Amino acid sequence: MKPLDALGELMDQQVLVRLKNGMEIRGTLKAFDIHINLVLDNAEFKDNEVEKKLKKIFLRGDMILFVC
Amino acid sequence: MKPLDALGELMDQQVLVRLKNGMEIRGTLKAFDIHINLVLDNAEFKDNEVEKKLKKIFLRGDMILFVC
Amino acid sequence: MKPLDALGELMDQQVLVRLKNGMEIRGTLKAFDIHINLVLDNAEFKDNEVEKKLKKIFLRGDMILFVC
Amino acid sequence: MKPLDALGELMDQQVLVRLKNGMEIRGTLKAFDIHINLVLDNAEFKDNEVEKKLKKIFLRGDMILFVC
Amino acid sequence: MKPLDALGELMDQQVLVRLKNGMEIRGTLKAFDIHINLVLDNAEFKDNEVEKKLKKIFLRGDMILFVC
Amino acid sequence: MKPLDALGELMDQQVLVRLKNGMEIRGTLKAFDIHINLVLDNAEFKDNEVEKKLKKIFLRGDMILFVC
Amino acid sequence: MKPLDALGELMDQQVLVRLKNGMEIRGTLKAFDIHINLVLDNAEFKDNEVEKKLKKIFLRGDMILFVC
C-alpha cells in the first residue's frame, strides 16, 4: 500500500485536516491529488474563535500537515 | 473527481481566497492552473484596514491557502 | 542500501516520527513513498499537552524531520 | 483562459506588483515567464520610506504575491 | 569528484550531521540518496539536554545542513 | 522578450542585486542561469556596517529578490 | 560563461562560503554540483564563538548564500 491509497480509503468519509499553521478543518473528503491538494464538502473550522461552515473548500496541498 | 475539477466548477463564480499570510481576497474566478495561480475579476480585499477594489488581480499559486 | 530501504525495513513496525515543528507521533508504519509521505496506524501524539490516539493518520512528507 | 494569459494582457501596461515581503513596485510590464519572473520598466517603489526610481528591474518570480 | 562521492567515501564511517534547526546527530552512515536523505546506525543526539541513542534513524534530506 | 533576456542585456554591466535577506550587492554581471544563479565581478556590499570588496562572487539564485 | 563555470574555476582553491543562516565556512573547494552542494577540504568555521576545523565537509546546496 502507498500513502495515497490511505487517502483513497478516506474518500467520501469525514476527515480532520491539520494545516501547518495549526488550523484544523473537518469535512467530507471529496478529492485529492499527488500534491495532497484536497477538496472537502461541508467543511467546518474555527477562525479566530469563530466557527465557520463552508459547502466546499479547496485546500492547497503544501499547507497540509496531516489528514486523519 | 480531482481537486482542480472543484476549481473548475467555481469558474465565473464569486470565490473567497485565503492566502498563507492571512489576507483574504474576494472576487470572480476567471482562471487557474496546476500551480493554483489564480486570476480574479472585481477583487476586493482589506489592506491594512483599507478596503481595496481591483478590476483584475493575478495571484501567485504558492501563496494560496484555500479557495471557497 | 538506499535510505528508503531503511523505511521499508520498518514497515508494520512501531516507529517514532519527529516532525519539523517538534511534534512526535508514534504508530505502526503502514506506507511510505519517495516524498516520505507516511501512513501510521494506531498513532499516538501529544497535542497541547493532551494525549491523542488515531486509528490511522496520513502525514505529508515535507514535514518529516526523522523516523526511527 | 489561463492565469498567464492575464499577465499577457497586462504587457506594456502600468502594473502594481506586491511582493511577499510587503514591498510594492509599480512599473510597465515588459516581460514575464512561467515562474512569474517579471521585468518592469520605469519602476518605482518605496524603500525604507525613500521613493526610488529604476529604468528597469528584474524581479524573481518566487517573491511575487500578486500583480494587478 | 562530485559532492555525493564525498558522502560515498563516508559510508560505514562515523559522521556528524548538523541539521538546519541546529540539532547535531552522530552515527555510522549507512545510506544516502540524491535528496541527501540519510540513514545512520547507532545514532546519538542531544534532545532538550537529554542524550538519546537510536539503533537506526532515517533523516529527511531537506533538513540537512552539513555532514562531516 | 522573456525576463532572462533582460538579464542578458545587463551582462558586463554594473548591476545592483537585492537579496531576500535585505543585503545589496553591486558588481559587474558576468554570468546568470535559469535559476538566477549569478556571478558578479568586483562586487561590493556592506556586511554588518563593514564595506567589503570581492573580485568575484557566486550568488545562489534562490536568494535573489531583484536585479537592476 | 555560466555561473557554475565560475565555481569550476574555484576548484582546488581556497573559498569562503556564506550560508543563509549567516555561518561562514572557509576551505578548499573539492566538489560542487548543479544543486550547489559543495565539498570543502580543511574547512574552518566559527561555531558559537568556537573555531572548528574539519578535514572534509559536505554542505547541502540549498543553504548556500554565496561563494567567493
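Let me begin at one residue pair: Val67(C) stands opposite Phe58(E), which lies in strand 4 of chain E. That pair belongs to a strand pairing that crosses from one chain to the next, since strand 5 of chain C and strand 4 of chain E, residues 50-59, run antiparallel to each other over 2 bridges. I should say at once that what we are looking at is a predicted model, and that I will stay with two interfaces, the one between chain C and chain E and the one between chain A and chain C.

Staying with chain C and chain E, the contact draws 19 residues from chain C and 21 residues from chain E. Together the two chains bury about 1600 Å², and 65% of that area is on carbon and sulfur atoms. Which three residues of chain C supply more of the area it buries against chain E than any other three? They are Pro3(C), Leu65(C) and Phe66(C), with 34% of that area.

On the polar side, the count between chain C and chain E is 2 salt bridges, and one of them joins Arg18(C) to Asp47(E), with the closest N and O atoms 2.5 Å apart. Across this interface there are also 7 residue pairs in polar contact, both residues being at pLDDT 80 or more. As for the elements involved, helix 1 (3-9) and strand 5 (64-67) of chain C are those that give two or more residues to the side of chain C that touches chain E, and the largest share, 5 residues, comes from helix 1 of chain C. By residue class, that side of chain C divides into 11 nonpolar, 2 polar and 6 charged residues.

Let me now turn to the other interface, between chain A and chain C. Here the contact takes 19 residues from chain A and 21 residues from chain C, and the two chains bury about 1600 Å² between them, with 65% of it on carbon and sulfur atoms. Of the area that chain A buries against chain C, 34% is supplied by Pro3(A), Leu65(A) and Phe66(A), more than by any other three residues.

Where does strand 5 of chain A find its partner in chain C? It pairs in the antiparallel sense with strand 4 of chain C, residues 50-59, over 2 bridges, and within that arrangement Phe66(A) stands opposite Leu59(C).

The count of salt bridges between chain A and chain C is 2, among them the one in which the side chains of Arg18(A) and Asp47(C) meet at 2.4 Å, N to O. There are 7 residue pairs in polar contact between these chains, again with both residues at pLDDT 80 or more. Helix 1 (3-9) and strand 5 (64-67) of chain A each supply at least two residues of the side that touches chain C, and helix 1 of chain A gives the most, with 5 residues. That side of chain A is made up of 11 nonpolar, 2 polar and 6 charged residues.

How do chain A and chain C relate as copies? A rotation of 51° with 0.0 Å of shift along its axis superposes chain A on chain C, at an RMSD of 0.0 Å. The copies nevertheless use different surfaces, in that 5% of the contact residues of chain A recur in chain C.

Finally, two pairs of chains that do not touch: chain B and chain C, whose nearest C-alpha atoms are 15 Å apart, and chain C and chain G, whose nearest C-alpha atoms are likewise 15 Å apart.

Technical notes
Residues are numbered from 1 along each chain as its sequence is written. Chains are lettered from A and ligands numbered from 1 in the order in which they are written. This is a predicted model: local features need pLDDT of at least 70, side-chain atom pairs count only at pLDDT 80 or more; totals for chains, interfaces and linings use all residues. Side-chain values use heavy atoms; hydrogens and water are left out. Contact means heavy atoms within 4.5 Å. Buried area is the accessible area (1.4 Å probe) that two parts lose on being put together, summed over both. A salt bridge is a side-chain nitrogen of Lys or Arg within 4 Å of a carboxyl oxygen of Asp or Glu. A polar contact is a pair of N or O atoms within 3.5 Å; within protein, one must be able to donate a hydrogen and the other to accept it, and residues adjacent in sequence count only if both atoms are side-chain atoms. Helices (H or I, at least four residues) and strands (E, at least two) are DSSP runs, numbered from the N terminus. Ala, Val, Leu, Ile, Met, Phe, Trp, Tyr, Cys and Pro count as nonpolar, Asp, Glu, Lys and Arg as charged, and the others, Gly among them, as polar. Two strands pair if DSSP finds at least two bridges between them. Copies are superposed by least squares on the C-alpha atoms of residues with pLDDT of at least 70 in both.
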